[in-house]
Amino acid sequence: MTTNNTRLFKKSLLAVTITLASSQAMAAGFQLNAQSATGIGRAFAGDAVIADNASVMARNPAAMALFDKTELSLGFESITSMIEVKDVNYVGGAVPVADTDDVGDTSIAPNIHLIVPVNEKFAWGVNAYSNFGTKTEFEDSYPAAEYGGLTDVMSINFGLAGSYRLNDQWSFGAGLDLIYGEGTMKRTSGVGMQGGGVPLGTPLLDVDGATGWAVGFNIGTVYELDENNRFGLSYRYSPEFTAEDDDGQEITLPLPDIAEFSGYHKIEDTKFAVHYSVQWIGWSAFDSIDFENLSATKSTIAWGLAQANGGIYQKDYKWQDGWHYAIGGTYYLNTDWTLRAGYMYDTSAQDSLTSISVPDSDRQWFSAGFTYHIDTASNVDLGFTYLLGDDVKVEENSAGTPLTATTHADAILFGLQYSRSF
């Protein structure tokens, strides 16, 4: 293979590693909001302090102090992303690329939360849910395959937390997060790379079922002004995460820290409450992905070149911190029904670097939901959100095959949850 083609392969391999962080239109970057159906029904407004079921421990461990009975919540969320890639101009228009609207997918994210008060001061809890995940998939025949392909990344957060009530106003909490992650990424050379002597369909990246574990933590506090007004503040440390597949391919990326402030106010002598949240997501820490081949046995052409370069690559990013601004309302209709709605504005994590497989943008969440109280100890929650993204102009040339396009990503979130106190 010629020197120029070797350089093109190396450049292409660097380019495709960025797609580990491709987003499935749930929240900015590759953050999921998949803790509860209740949260979906109010755009997660006030979720670090409302404490209407056990799922609150995923947003603020201190809020466990607000319960005087054992609480269990379990449910799932379905996330359907609708991603368009249109107006594509690939290698100067020499290769036609049709618009596509089937890049997204539907994912199911289960969750479970358990809070156990020990006495009037202490409570502990355990939970499992997902904080980060994405899946995008282009057809195998997509002409610009070096920028498309398959990305399927998922994490599961296993949490153990405790809370302490200092007095009638202040409560504090802390938790430990054990994070399991797995991912599959596949990229091949596109039509435009043939001009550089790279055969169509040449494997550029083939990471299949990479898995790994990491440890993080979270802390929080709740201040209760009175029985109808309270505030919550929480912080979650997310670690650098490393995953490895059976062929010795290792990918390391930093996950963002998250801070959230929430308020809840029930209007006296009414059935209505208003609640809100401001959340900061530290995506600026996502400065690079490290990509390494730990095994000398991988036989693909791309990896042969990677081994010649020491098997180590680093892809730099220019991501920015993200913000969520959410406001919602709850109407306590009667002893059987509680109604809720919410709105969130969610800012993009990406700044100057964009990609057709990273359809990230500012987003608006329009949410509604309800709780049906089966009896005084159990209830069912349903939540629905329509997430509306913006058009994003994309320019790519990292593989030596210039491409411009417009991406647009919307999503539908649906959640169902059962909660019970004991």
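Here is a friendly walk through the structure shown above, point by point.

1. **Overall picture.** Please keep in mind that this is a predicted model. The protein is built from three helices and 20 strands. It has 422 residues, and 57% of them count as buried. The chain also brings remote parts of its sequence into touch: among contacts between residues at least 6 apart in sequence, 71% join residues at least 24 apart. On the outside, about 16,800 Å² is exposed, and carbon and sulfur atoms supply 57% of that area.

2. **Salt bridges in general.** Side chains of opposite charge can pair when their charged atoms come close. How many salt bridges does the protein have? The count comes to nine. The next three points take up some of them.

3. **Arg42 and Asp47.** These two residues form a salt bridge in which the closest N and O atoms are 2.6 Å apart. Are the partners buried or exposed? Arg42 is buried, and Asp47 is buried too.

4. **Arg340 and Asp52.** Here the closest N and O atoms of the salt bridge are 4.0 Å apart. Arg340 belongs to strand β16 (residues 337–346) while Asp52 sits in the loop between α2 and β1, so this pair ties together parts that are 288 residues apart in sequence. The two partners are covered to unlike degrees: Arg340 is buried, because its relative accessible area is 6% and buried means under 20%. Asp52, with a relative accessible area of 32%, is partly exposed.

5. **Arg363 and Asp360, and a network.** The side chains of Arg363 and Asp360 meet in a salt bridge with an N to O distance of 2.7 Å. Arg363 has a relative accessibility of 1% and so counts as buried. Asp360, at 2%, is buried as well. Elsewhere, salt bridges that share partners link Arg42, Asp47, Asp52, Arg340 and Asp381 into one network. You have already met four of these names in the two points before this one, so they are a handy place to begin when you look for the network.

6. **The loop between α2 and β1.** Besides Asp52, this loop holds Ala51 and Asn60. Ala51 has a phi near 60 degrees, a positive value in a residue other than glycine. Its relative accessible area is 16%, so Ala51 is buried. Asn60 is buried too, because its relative accessibility is 0%. Which residues does Asn60 touch, leaving aside those up to four places away in sequence? They are Ala48, Gly220, Thr221, Val222, Gly232, Leu233 and Ser234.

7. **Another positive phi.** Asp269 is not a glycine, yet its phi is positive, at about 65 degrees. Where does Asp269 lie? You will find it in the loop between β11 (258–266) and β12 (272–281). Asp269 counts as exposed because its relative accessibility is 79% and exposed means over 50%.

8. **Gly162 and its contacts.** Gly162 is placed in strand β5 (residues 150–165). With a relative accessible area of 27%, it is partly exposed. Leaving out residues up to four places away in sequence, Gly162 touches Pro61, Met64, Ala123, Trp124, Phe172, Gly173 and Ala174. Val116 is 46 residues from Gly162 along the chain, and the C-alpha atoms of the two are separated by 9.3 Å.

9. **A negative patch on the surface.** Glu84, Asp87, Asp99, Asp101, Asp102, Glu137, Glu139 and Asp140 form a negative surface patch. One of its members, Asp102, lies in the loop between β1 (71–90) and β2 (106–117). Asp102 has a relative accessibility of 39%, so it counts as partly exposed.

10. **A nonpolar patch on the surface.** Nonpolar side chains gather in a surface patch as well, with about 890 Å² of accessible area together. The members are Leu74, Ile112, Ile267, Phe272, Tyr331, Leu333, Trp337, Leu339, Tyr372, Ile374 and Tyr418. Trp337 is part of strand β16, the strand that also contains Arg340. At 34% relative accessibility, Trp337 counts as partly exposed, whereas Arg340 is buried.

Terms used:
Residues numbered from 1 in each chain as written. Predicted model: local features only at pLDDT ≥ 70, side-chain atom pairs only at ≥ 80, totals over all residues. Heavy atoms only, no water. Patch = residues over 30% accessible without salt bridge, like charges linked within 9 Å, V, L, I, M, F, W, Y side chains within 5 Å. Areas by Shrake-Rupley, 256 points an atom, 1.4 Å probe, with all protein chains shown as cover. Lys, Arg positive; Asp, Glu negative; His and termini not counted. Charge placed at Lys NZ, Arg CZ, Asp CG, Glu CD. Helix = DSSP H or I, 4+ residues; strand = E, 2+ residues; numbered from the N terminus. Buried < 20%, exposed > 50% of the residue type's maximum accessible area, 1.4 Å probe, protein only. Contact = heavy atoms within 4.5 Å.
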